[in-house]
Amino acid sequence: MATPTLQQPSFLLANLKADTSTKPLLQRCQDLAKIIDEYPAKELHLIFPWLVECVFGSLDGVIAGWNLRLLNSRCSEFHVAVEFLNPSGPMMKLVYKLQAEEYKYEIPVNYLPGPVKACIQEGVLPDCPLFHNKLQFPLTGNLALSIALNPFEFFAFNFANCLIAPKSVPPGQQGGCTDTAYFVLVDMYLKYFLPGEGNVPSSPCSDARGSVTAPSPRSSGVSFAGYGLHTPSLLKHHIFHQPSVNADPAAQEIWRSETLLQMFVEIWLHHYSLDMYQKLQSPQEPFSPSEEHVLVVRLLVKHLHAFSNSLKPEQLASSPAAHSHPHASPLEEFKRVVVQRFVQQKLFLFLQHCFGHWPLDASFRAVLETWLSYIQPWRYTAEKTQPDPARTGPESWETFVQENLLVYTKLFQGFLNRAVRTDLVNAKNALMVFRVAKVFAQPGLAELVQRGEQLFLEPDHVLHHRQHHRAYLTPGPAGTGYLSPRQRAVTDTAFRVKSHVLVLEGTDCSYRQMFGSELRGAVMRLVQIIAQARQTAKRISDQSSEAAAGGSFLTRFWFGPPDLGNGFSGAEPEDTGEVLKKTHEFLDRALENLCQIFKLNQGQLAQLVSCLGPVQDDDQDLLPDCTQGEDGPVLTDLGRRQIVNGLRRFHIQYQGDPELQPIRSYECAVLVRLLYRASTAVNHRFGPHFSALCSRPDLLGRLARRYLLDQEGPAGPGRSPATRQTQEWRRRPRLSLRPLASYRVLLVLLLVYLGGAVLARGPGSSSLLLLLGGALVLGLVVLLGDTLRAR
C-alpha cells in the first residue's frame, strides 16, 4: 500500500472500518503498522479503542474480534495475528506511543470482576491498587460508573478479558487448545515482561529518561476519599507501581510487569472473596471458569514459579545473605514476593471454588494439574532434573510449604471428597488419583506438610498480643510499597503459618488436619474404593480377554460377523481391555503411594481389602437407580442425578438393528446399501424357513443358530434400557450380508481369486473351493465351540 496521506481522524477511522470487510487480515495489519509508524499520537488516540475492540472483541462478547482463542497454528491468519500482537509488534508500539501522552480510556464498572465491582458499588476501596483513584462519575444520572485506565492498562484489561468474555464457537471449531494464538500470546507476554534472565526490555518508544513514562497519580479524577466512606489513609497500603521521576531506569520499566501481572490475576482469578462470596451467590450467579481458562491459569502459575525461582540462592528471602544486601534491584524484589503477595490468596479461592463446583468428569484434570503445578515450585527451577523438595534447598521449600499450608491440606481434602464420588474404573479418573498420590509421596513432602500442621497447632496465646504481626502481611512505611527495601525476616515460623491460615480463611476458621484421625478415616475409605475398583477393572479386563479369545476363527480373519454392537462410536473407550490394564496399574501405584504418605502397613491394607468381599458379577451396585417399567428399566430422579454427576452409568451398547448402524470407515458404502437390500429381501422371503432351520437339533440346526441368531442375547442388567419390541426383534433369525462390504473381506476374496488365477484355476473353480472351505471351517468352529463349552 502506498504511504497513507495525513487526513482527519474521522476519515482515518472510517477508512479502517471499511477495510475490515474488504481486505484480508494480512493487508490490514500491514496498513495498520504503517499508520502507527507515521501518524501522531493525537490522531491514533481516536482509533485505539476501536482497534482494541476489533482485535479482542467487545467486553460483552457480542463482537468476536479476531477470535484469538480459536486461531491455531494450522490457520493461515495465526502468524499474522501473533506477529502484530507480540510484545515487540505494532500493536504494542501503538500502546507505548499513546502511553507517552497520558491518554485515558474508560471501562464500565459492570465489566470488572465481581468482588471489585461490589466494593466500588458499596463505596469501599478495592484491595488491588490497579483500580485506585480511577473512578469516573457519569455526568448524567443515566450512565454507569466507569474507571479510567491508561493505554497500557486498557490494552492489558481487554487482552485478559478476552479469555473470559462469552464467545460463540462456530460449528466445527473448538477452543481450549494450547496451540491457539491467545495461549501463545499469553506465553509471549509472560516471558517478555516477567523474564527469568536479565531485565525487562526497554520499550521501543522512549522518553528523555530512556523509557516510557510510568503512569503518574491522578489529580483530576475523583478519589475514593471523596466518593466513599473510608479515606485511603485508613486502609491498608498496597504496591505503589508508579516509580518516581528520578528513579532508576529499571524501576521505570518494572511498572509494566506489575501492571500486566495484576491485571491477569484480577481478571482471571479474582472472582471469589472471603468477604463478598455469599453476596455474590445471590442474586448474581457465581463465576464458572472454562477448561480453557484453567489451562491459561496453569500457564501463569508455571511461569511465575520459574520467574520467582530464577533468583540466585543468596537472593532468596529465606537466605541470610539476602538481608545483607539492601540495594537489590526492583526486579529482584518483584521476583521475591510475586507468588505470595500477588497470586496466593486469589488462586487459592479460585481453586477451592473449582474443587467444589467442577463437574465430576475427566475435564477436572486441568484444575488438578494447575493445583499440582502450584504446590511443586521445585519443578520450575533452572536445574534440568527434578529436585527433591526435602534435599534441594530444604529451608526455602519448607518456607513455601508453611506459607501455603492450606493449599496443600485443604485442597487435598477437597480432592479426597471428589475422588470417593467418582468412577475409578474409568482410566482418566484413576490417573488423577494416581497423580495426586504420586506428588504427595515425593520424598520429604509429607513430612514438610506435617511439620507445618504441627506449627499451626502450637498454642497461640501469643498471637493476639503481637502488635507487629501486620508487618508480615503488609508493606513497610506508607509510599514505599511491597517493592521497598527488604523487610526484616520473620523468625517465628509458627506465627508465619498461623498468619497464612488467618489470611486465607479468616479468624473463625476451623482447621482439619491432613494427618489427623478424621481425614485418615476418609483416606481409608478411598483405599477401599480403590481396591474395589481394582477388582472390578480386573474382572472386566479378564472378561474382555476371554471374549476375544473365544471369538471364532472366521472373525479373526474377517469372515465372521463384525462386532458392530461393541464397536459403536457411542461405547465407552474405557471399557477396552488395554485401557482397563492401565486403570489397574494406576490404582495399584496410587495405593502404594497412599500407604507411603499415611504410613499404612500391609496388614492394615489387607484388612481393608478383606472387608470388601467378592465383587458382584452383575454390577448391580454400579447401575443408576431405576424401576422396572413395561418397556424395561426407567430412571428415577436419583438415577438421573447419578448419571449427570458421573457417579453411576449403564454400559452403553447399541441394541438396534446392526444393519442400520453408521457405515464404518473400513466398509464400502455402496456395498453396505446394496447388501442391506439383498439381505432384507432374503429375510422377508425365507424368514419362516430360517426359524424352522434354527429349531432343528442336528448339526445344520446348530450352524443356523450360530450364524443366523443374535449371539448378544437380551439386554442384561448392566446394559442400557431396551424396549420389549426391540428385544423380541433381536431374537428373530436373519441373514446378515454386511460383513461382505468390509474392505478387509474384499481384499481376502481378491487374494483368493488371484491365487486361483496363478494356479490356473478359473473363477468358477475358485468360488467352489472358497464355498467348500468356508462351509468346512464353519462346521469346525461350531463343533469346537460346543466342545469347549461342554468342558
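This passage describes a strand pairing, a helix residue and the cysteines of a predicted model.

In the predicted model, strand β1 spans residues 105-108, and its two faces differ in their cover, with Y105 and I107 on the covered face and E106 and P108 on the uncovered one. Strand β1 pairs with strand β3, which comprises residues 146-149, and the two run in the antiparallel sense over four bridges. Within this pairing, Y105, one of the residues of the covered face of β1, has L149 of β3 as its bridge partner.

Further along the chain, T536 lies in helix α21, which extends over residues 517-549. The relative accessible area of T536 is 4%, and the residue is therefore classed as buried, since the cut-off for that class is under 20%. The C-alpha atom of T536 is separated by 9.3 Å from that of H584, although the two residues are 48 positions apart along the chain.

With regard to the cysteines, the structure holds zero disulfides. A disulfide is a covalent bond between the sulfur atoms of two cysteines, and the criterion applied here requires the two sulfur atoms to be within 2.5 Å. For C29, the closest cysteine sulfur is that of C54, at 9.1 Å, and this separation is too far for a bond. C29 is buried, with a relative accessible area of 7%, and C668, at 18% relative accessibility, also counts as buried, because its value falls under the 20% cut-off.

Key:
Residues numbered from 1 in each chain as written. Predicted model: local features only at pLDDT ≥ 70, side-chain atom pairs only at ≥ 80, totals over all residues. Heavy atoms only, no water. Buried < 20%, exposed > 50% of the residue type's maximum accessible area, 1.4 Å probe, protein only. Pairing = 2+ DSSP bridges.
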